[in-house]
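Subject: Structure handover

Dear colleague,

Please find below the structure that I promised to pass on, together with its sequence. My notes on what was found in it come after.

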Amino acid sequence: MTFKVDFKVRDYECDLQGIVNNSVYFNYLEHARHEFLHAQGIDFAKLAREKVNLVVLRSEMDYKASLMPGDEFYVAVEPERISRLKFAFRQTVYRKHDDKVMLQALVIGTSVNEKGRPFLPEEVDNLFK
């Protein structure tokens, strides 16, 4: 299942070279993951109130090309089960006007309870079945 979120580059996200700063891509990817979870009925804030925290364990990003001010693009999100307690999101940033791949990422995560122990709540576990 692929989920997509649309974006547009804002001027302040760019560095002196006139391209999106590499750190900004983390924000794009995180927002897309949160929108994916919300679309699947997972309430991030409710989980946090219940002392369940979804956490990133590892992020890998392969930069393919640079986004520029005003570029419209979208982030595709594909969930994947890694192990009993770990999940991943394969994410790809595409420039809209030509569907060019700008970035590919793999973000691995889990959830932890209030004692910091990994576990997957049922609603998260069900995403990967």
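**Strand pairing**

Strand 2 (residues 53-63) and strand 5 run antiparallel to each other and pair over 10 bridges, where helices (H or I, at least four residues) and strands (E, at least two) are DSSP runs numbered from the N terminus, and where two strands pair if DSSP finds at least two bridges between them. Please bear in mind that this is a predicted model, in which local features need pLDDT of at least 70 and side-chain atom pairs count only at pLDDT 80 or more, while totals for chains, interfaces and linings use all residues. Residues are numbered from 1 along each chain as its sequence is written, and side-chain values use heavy atoms, with hydrogens and water left out.

Strand 5 also pairs with strand 4 (residues 87-95), again in the antiparallel sense, over 9 bridges. Val107 in strand 5 serves to illustrate both pairings, since Ser59 stands opposite Val107 and Phe89 has Val107 as its bridge partner. Strand 5 is mostly covered, with 10 of its 13 residues buried; here buried means under 20% relative accessible area, exposed means over 50%, and partly exposed lies in between (1.4 Å probe, protein chains only).

Elsewhere, strand 1 and strand 3 pair in the antiparallel sense over 6 bridges, and Phe7 stands opposite Phe73 in strand 3. The side chains of strand 1 (residues 3-8) alternate, in that Phe3, Val5 and Phe7 are buried and point to one face, whereas Lys4, Asp6 and Lys8 point to the other and are not buried.

**The chain as a whole**

The protein has 3 helices and 5 strands, which follow one another from the N terminus in the order β-α-α-β-β-β-β-α. For 129 residues a compact globule would have a radius of gyration near 14 Å, and the 16 Å of the protein agrees with this; the radius is taken over C-alpha atoms, and the globule rule is 2.2 Å times the number of residues to the power 0.38. Along the principal axes, the C-alpha atoms fill a box of roughly 45 × 25 × 25 Å.

Of the 129 residues, 40% are buried. With contact meaning heavy atoms within 4.5 Å, residues 24 or more positions apart account for 65% of the contacts with a separation of 6 or more. The protein exposes about 7700 Å², of which carbon and sulfur atoms supply 46%; accessible areas come from the Shrake-Rupley method with a 1.4 Å probe, and for residues only the protein chains shown count as cover.

**Individual residues**

Ser111 is found in strand 5 (residues 100-112), and it counts as buried because its relative accessible area is 0%. Leaving aside neighbours within four places in sequence, Ser111 is in contact with nine residues' worth of surroundings that include Val52, Asn53, Leu54, Phe87 and Arg117. Tyr74 is found in strand 3 (residues 72-81) and counts as buried at 10% relative accessibility. The C-alpha atoms of Tyr74 and Tyr28 are separated by 9.2 Å, although the two residues lie 46 residues apart along the chain. Not counting residues up to four places away in sequence, Tyr74 touches Lys4, Val5, Asp6, Thr92, Val93, Tyr94, Lys96 and Asp99.

Met61, in strand 2, is likewise buried, at 17% relative accessibility. Its C-alpha atom is separated by 9.6 Å from that of Asn22, which is 39 residues away along the chain. Apart from neighbours within four places in sequence, Met61 is in contact with Tyr25, Phe26, Leu29, Leu103, Gln104 and Ala105.

**Backbone angles to check**

Most residues other than glycine have a negative phi. Lys51, which is not a glycine, has a positive phi of about 65°; Lys51 is placed in the loop between helix 2 (44-49) and strand 2, and counts as partly exposed at 46% relative accessibility. Asp99, also a residue other than glycine, has a positive phi near 55°. Asp99 belongs to the hairpin of strand 4 and strand 5, which has 4 residues between the strands, and at 44% relative accessibility Asp99 counts as partly exposed.

With best wishes
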